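Biologist: I would like a close look at one part of this model. Please start with a single residue and its contacts, then work outwards to the core and the empty spaces.

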Amino acid sequence: MQTMKINQTILKEFILVGFSLYPHVQTFLFVLFFCLYLLTLAGNLAIMGLTWVDRSLHTPMYFFLSALSFSETCYTLAIIPKMLEDLLATNRSISVIGCGLQMCFFLGLGGTNCIILTLMGYDRFLAIFNPLRYPLIMTNIVCGQLVASAWAGGFFISLTETALIFRGSFCRPNLIKHFFCHMRAVVRLSCIDSDLTEFIVTVISVSGLLGTLLLIILTYVFILSTVLRIPSAEGKQKAFSTCTSHLTVVIIHFGFASIVYLKPEASGGDDTLIAVPYTVITPLLSPVIFSLRNNDMKNAFRKMMEKLPALKK
């Protein structure tokens, strides 16, 4: 009877251990992560606002960029507010349902980001490989359908993984050794064969991650072969310049994600600290890179700033 009561209590909530292992720096971490979060929100909202207001940015490339910014904004909303709250709170509990929802949105939006980055590479390939037919192929309807498919694909995988993890009960100590409901940390608390479930969801995640990465690599192989056939050096430079920001974000995004999901179990290390770059740093760097390395975005921002004094009059 006592064991049953313990199980029932555990089924109601988990405790996120998070950064409680570092009590002396929690206030500093709160200030640091809060500032980074505000910068992330400001950067992504600026990109979405500029692509909405400036007609010169009403192109497929910036449509996908705006979709990525929206997805990353939702991605950070699923994780960082709860993390900030727990840095200042003594009670770091989260309900089982809340944990499942957080995991579902985290995995779904992470998968959506990967697919949108793949679509952005495909968009650049079409623009360089077949510039004459590009406007006919990448219409607004097609772009909308591709982004919708990215969300559908990301959340299909997410719902599958979350259902696998939460299909049984949790009977071990309800301490999640992470600052959010990371799938590996949660699945280890399951009463059923957690090793098999962990293996299955890890294979699904790694397959999705490597699958989209391989598609992006293949896209850039075709882009490179096409660019090398351009006779003028100026034409080559112009073609490459449209890809540098995207390629930089891809390297950062998939690099940090690979560290999280491809890290061998026996390698050790604090999973909480390892996840910080992927959950906090990457969403900040994406808008920074796309803004600072893009003349169209900088020009749109200048035009908007020049219009502000006129609007006040």
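Modeller: Start at F33. Leaving out residues up to four places away in sequence, F33 touches F19, M83, L84, L87, V276 and V280. Keep in mind that this is a predicted model.

Now step back to the core. F33 is one of the residues with the most contacts inside the largest nonpolar core. The others in that group are F14, F166, I176, V186 and Y261. The core holds 83 residues in total. Its largest share, 16 residues, comes from helix 4, which spans residues 96-129. There is a general pattern behind this: in soluble globular proteins, nonpolar side chains tend to be buried together.

Next, the empty space. A probe the size of a water molecule, rolled over the atoms, shows where such space is left. Searching the whole structure gives 3 cavities of 30 Å³ or more. Look at the second largest, with a volume of about 60 Å³. Three contacts of F33 turn up again here: F19, M83 and L87 are among the residues that line this cavity. The rest of the lining is L16, V17, G18, Q26, D86, R92, H178 and F179. Helix 3, residues 60-88, gives the largest share of the lining, with 3 residues. By class, 6 lining residues are nonpolar, 3 are polar and 2 are charged.

Then turn to the largest pocket. Its volume is about 650 Å³, and 25 residues line it. Nearest its centre lie M61, R124, K238, T242 and D296. Five helices give two or more residues each to this lining: helix 3, helix 4, helix 9 (233-241), helix 10 (244-261) and helix 12 (295-312). Helix 4 gives the largest share, 5 residues. So helix 4 has the largest share in the core and in the lining of this pocket, by the DSSP runs that define each helix. The pocket lining divides into 12 nonpolar, 8 polar and 5 charged residues.

Last, how confident is the predictor? The mean pLDDT of the protein chain is 86. Of its residues, 91% reach 70 or more. Among the elements, helix 6 (residues 140-165) has the highest mean pLDDT, 95. Helix 1 (residues 2-12) has the lowest, 49. Over residues 1-10, pLDDT stays under 50. For that stretch the model has 8 contacts beyond four places in sequence.

Technical notes
Residues numbered from 1 in each chain as written. Predicted model: local features only at pLDDT ≥ 70, side-chain atom pairs only at ≥ 80, totals over all residues. Heavy atoms only, no water. pLDDT = per-residue confidence, 0-100. Helix = DSSP H or I, 4+ residues; strand = E, 2+ residues; numbered from the N terminus. Contact = heavy atoms within 4.5 Å. Core = buried A, V, L, I, M, F, W, Y, C linked by side-chain atoms within 4.5 Å. Buried < 20%, exposed > 50% of the residue type's maximum accessible area, 1.4 Å probe, protein only. 1 Å grid on protein atoms, 1.4 Å probe; cavity = no way out; pocket = protein on both sides within 12 Å on 5 of 7 lines; lining within 4 Å. Points joined across faces, edges and corners; volume = space filled by probe spheres on them. Nonpolar A, V, L, I, M, F, W, Y, C, P; charged D, E, K, R; others polar.
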